[in-house]
Amino acid sequence: GIYDSDIVYLFLLAFFEVPIWCDTSNSFSFLTPEDRCTVPEGTIYLAGLPHIPPGFSIVFELSVMLVIWLKLDAEQKLQKNWFKKMDMDYVDRTFHSVGKTAVMVMLFDTVLFTIRRHNWRLAPFMRVVLMLCKPKLNQLLCALISIVNEWLSVASFWIGTVVFFAWIAVTIFENDTFKNKEGAMVNAGFDTFGNGLYTVFVASATVDFVDKFNPTFSANRA
């Protein structure tokens, strides 16, 4: 419905609104991203999308928030005047309250930003909160939370494996302080326990296994 579309519009706005670290003083002037977002020196890489002037984006954001607020307020009245009498829940009252709080924070943040044009905002975080208040996404979030224990079990085993084999590798190779034929240190990445942890972590989590172990392996092959 309109409510679902409005939340999507708020997320799409994030791609086209002027970043808060850029120049937001020209509220209704259509400037290129390169003119608005400058740094004293160096090169910045932008998304290449056009920016909506801050004045237009603020008006659009306030309009969308008004629709969302009216929808949440209407649901609250239905719950209070009709469904509460029947001891039924028309909406999840907890997430409904969270949603209204998020809209209030967004409204306060938008008004404050309109007046002061500070370089920080709470609205993007509140958009995420609004999205998570939707029933389907809330169910997905609950499903993700339910697998945390299993994920922690696997992660704990993996971390323990990294620590154990890093300790073994450092114990064996930390004294190999000479270079191989290519000029690389044989104990590269295993000279200290900290470096050993990093080496084994990268080797187990990425595709750099050969690069990380090549100097040590080539010097100690059977």
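In this predicted model, Phe15 lies in helix H1, and because its relative accessible area is 54%, above the 50% limit, this residue is classed as exposed. Phe15 also takes part in a nonpolar surface patch of about 1000 Å², to which Val8, Tyr9, Leu12, Phe16, Phe28, Phe30, Leu49, Ile52, Phe56 and Phe60 belong as well. Two elements, H1 and helix H3 (54-83), each supply two or more residues to the nonpolar patch, and the greatest share comes from H1, which gives five residues.

Across the whole structure, a search identifies seven aromatic pairs. In the pair formed by Tyr9 and Phe60, the ring centres are 6.4 Å apart and the planes meet at 55°, so the arrangement is described as tilted. This pair joins distant parts of the chain, since Tyr9 belongs to helix H1 and Phe60 to helix H3, with their positions 51 residues apart. Tyr9 is partly exposed, with a relative accessible area of 40%, and Phe60 is likewise partly exposed, at 35%. Ring pairs also connect Phe28, Phe30 and Phe56 into a cluster, and these three residues are among the members of the nonpolar patch.

Ser27 is situated in the loop that runs between helix H1 (2-16) and helix H2 (33-36). With a relative accessible area of 16%, which is under the 20% limit, Ser27 is counted as buried. The side chain of Ser27 forms a polar contact of 2.9 Å with the side chain of Arg117. When residues up to four places away in sequence are set aside, Ser27 touches Pro53, Pro54, Gly55 and Phe56 in addition to Arg117.

Methods
Residues numbered from 1 in each chain as written. Predicted model: local features only at pLDDT ≥ 70, side-chain atom pairs only at ≥ 80, totals over all residues. Heavy atoms only, no water. Helix = DSSP H or I, 4+ residues; strand = E, 2+ residues; numbered from the N terminus. Buried < 20%, exposed > 50% of the residue type's maximum accessible area, 1.4 Å probe, protein only. Polar contact = N/O pair within 3.5 Å; in protein donor to acceptor, adjacent residues only side chain to side chain. Contact = heavy atoms within 4.5 Å. Patch = residues over 30% accessible without salt bridge, like charges linked within 9 Å, V, L, I, M, F, W, Y side chains within 5 Å. Areas by Shrake-Rupley, 256 points an atom, 1.4 Å probe, with all protein chains shown as cover. Salt bridge = Lys/Arg side-chain N within 4 Å of Asp/Glu carboxyl O. Phe/Tyr/Trp six-rings, centres within 6.5 Å; stacked < 30°, edge-to-face > 60°.
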